[in-house]
Amino acid sequence: MESKQAAKAYYDFSTVFQRTKSFIDSHNEKHTNLKERLNANHRATAELITRLYAKQLNKAITLGDTLEELPGFKTYNPSLASCKGCTVRTIINHKERLKAAGFIIKEIHRGKSGIEIWINPAIFHTQQLSTTHNEISSDISQIICDFDQRVKNLHPLVHEQQEQKNNNSNVDKLITPEEGVRLSAHNPNITSVTGTLQEQDMNTRKSRNPAPDVQKRNGQLDAQGVGSAFLLQLVRDFWKYVQITLYPDILLSEPEETEILNLIWASVYRKFKIKGSKKDWIGYQEILYKRVDMVSRWLDRNPNRWVAPPHLYFHPENKRNGFDKTYQWFLKQEILKKEIRNQILIQKAATEWKAHKKGEGKYRYKTRLQLFRIQQQCLSQYHDQRLLDLYEKSVYKMVNL
Amino acid sequence: MVHPDPTSALSKCVVYFNDGKSRTFYSFDKKHKNSKPNQSLGIRRLEKMLMTSLKGTWETAIIYENMKNGKELAKFKNGVRVFYYS
């Protein structure tokens, strides 16, 4: 157990847990209505929050923070959920219940940077509360009775002992043996502290799919050897080209234009996550221009045709009438073009064969083998295996006629 | 119903009506309660309001940034958006 002297600058897990427990017990005693009471699951969430909060505070203390005013508990709903092994909705519901009970006094949503929770000061204060001291072993047995362990793999109630004295775990090998130095509260390497295979230190992890933010990343857009300025210029050039060809009449203000550039960066260029040389990007840009030209020609063919406004046309989530769809269209067109070219070449070869048979044409003094070699050489310049196969078939037909 | 908040809105639209009166509208920049404000969404919504619900009632409308000495973002005259250099 933590000594009283050290308690001033250190949040003892067991004391904090006892306070949590007594807080919830006293709350449950006061309320008879089932909807107001906190059940075992709410208790587990509360304990999870207190444990992680205590870790956060202790880490702040070891880093030299005086904590004159208690900071809030910064976390993410998804990481709490994965810590507890439930859904985000459950965590939100539990937090609502805990707020109603007065366990959580305040909550602020910070969007991408997660949430900040303030816990009742009765639980997180450095002086001992005048609550009755419970026997820990009886607490554990009571909790074990309350929870069905087969259903949920809950954290053990007393973490302090296990984190300090678990000889079987690899915890002690990772920390310095110096007295008073504690584990970093959120060390991602240590996930098996209690021996249970649970990820315990995940709550400072960022949410898995943070929203794109081009402003922040502008400086880091470097894709191996290609300057970010060059890549961003590609985005701007592309938008200029699109504006001239597809949206000649549209007028946009600065914020609207910025939004569209961000969308193009995300959807058309895939945030430049794909590595490529400068030459590759220029090649891709050429293809993009061709795709835009294709759309513009398609629009010109019929006055009733339209494309979505730019903020929708380039939206990454637009699966229905977005610019992304033109890629398939472009591929189809390119394949068709090749097919037609191949057919023309083979027709040309066939007429030469016919002329050769009649003793006419350019190659009338050549032998059949020489003609075949000449034509094969000509066609091999296109580097298209399919074309050569087709040619061989047609030659076979011509010879056997 | 949630109304735009003049203190937190990112842009505002001053509309000069045909009858000589004028009124300021504030943009509503969020998709949902906790979403990140999106200024261009607010501007698009203001434009939509001008072109549909207030159609034919105003002569000039100007969208500004909602701050002191805020920049002019867009200008509309007689139902048409006019070119404006930002």
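**Sheet, hairpin and interface in a two-chain model**

Strand β2 of chain A and strand β3 (residues 115-119) of chain A pair up in the antiparallel sense, with 5 bridges holding the match. Within this pairing, A:H109 has A:I115 of β3(A) as its bridge partner. The model is a predicted one, and its confidence values are taken up at the end.

Zooming out from that pair, the strands belong to an open sheet of 3 strands in chain A, ordered β1-β3-β2 and paired antiparallel. The edges are taken by β1 (73-75) and β2 (104-109) of chain A; each has a single partner strand, so one side of each is left with no neighbour in the sheet. On average, and ignoring direction, neighbouring strands here are turned by 20 degrees against each other. The sheet also has a helix packed on it: α2 (residues 40-62) of chain A, which touches β1 and β3 of chain A. The direction of helix α2(A) makes about 105 degrees with that of β1(A).

Chain B has a strand pairing of its own. Here β1 (residues 11-17) of chain B runs antiparallel to β2 (residues 22-26) of chain B, and 5 bridges join the two. One of the residues involved is B:C13, whose bridge partner in β2(B) is B:F25. The two strands form a hairpin with 4 residues between them, and in this hairpin B:G20 takes a positive phi near 95 degrees.

As for how the chains meet, 9 residues of chain A are in contact with 10 residues of chain B. On the chain A side, helix α10 (residues 254-267) of chain A supplies the largest share, with 4 residues. By residue type, the chain A side splits into 2 nonpolar, 4 polar and 3 charged.

How far does the predictor back all this, in terms of ipTM and pTM? The complex gets an ipTM of 0.93 and a pTM of 0.52. For chain B the mean pLDDT is 93, with 97% of its residues at 70 or more. For chain A the mean pLDDT is 78, and 73% of its residues reach 70 or more. Among the weak spots of chain A is the stretch 160-165, where the pLDDT is below 50 and the model shows 9 contacts beyond near neighbours in sequence. Residues 210-223 of chain A also have a pLDDT below 50, and this stretch makes 20 contacts beyond near neighbours in sequence.

Terms used
Residues are numbered from 1 along each chain as its sequence is written. Chains are lettered from A and ligands numbered from 1 in the order in which they are written. This is a predicted model: local features need pLDDT of at least 70, side-chain atom pairs count only at pLDDT 80 or more; totals for chains, interfaces and linings use all residues. Two strands pair if DSSP finds at least two bridges between them. Two residues are in contact if their C-beta atoms, placed from the backbone, lie within 7 Å. Ala, Val, Leu, Ile, Met, Phe, Trp, Tyr, Cys and Pro count as nonpolar, Asp, Glu, Lys and Arg as charged, and the others, Gly among them, as polar. pLDDT is the predictor's confidence in each residue, from 0 to 100. Axes are lines fitted to C-alpha atoms, for helices over the stretch in contact, and angles run from 0 to 180 degrees between N-to-C directions.
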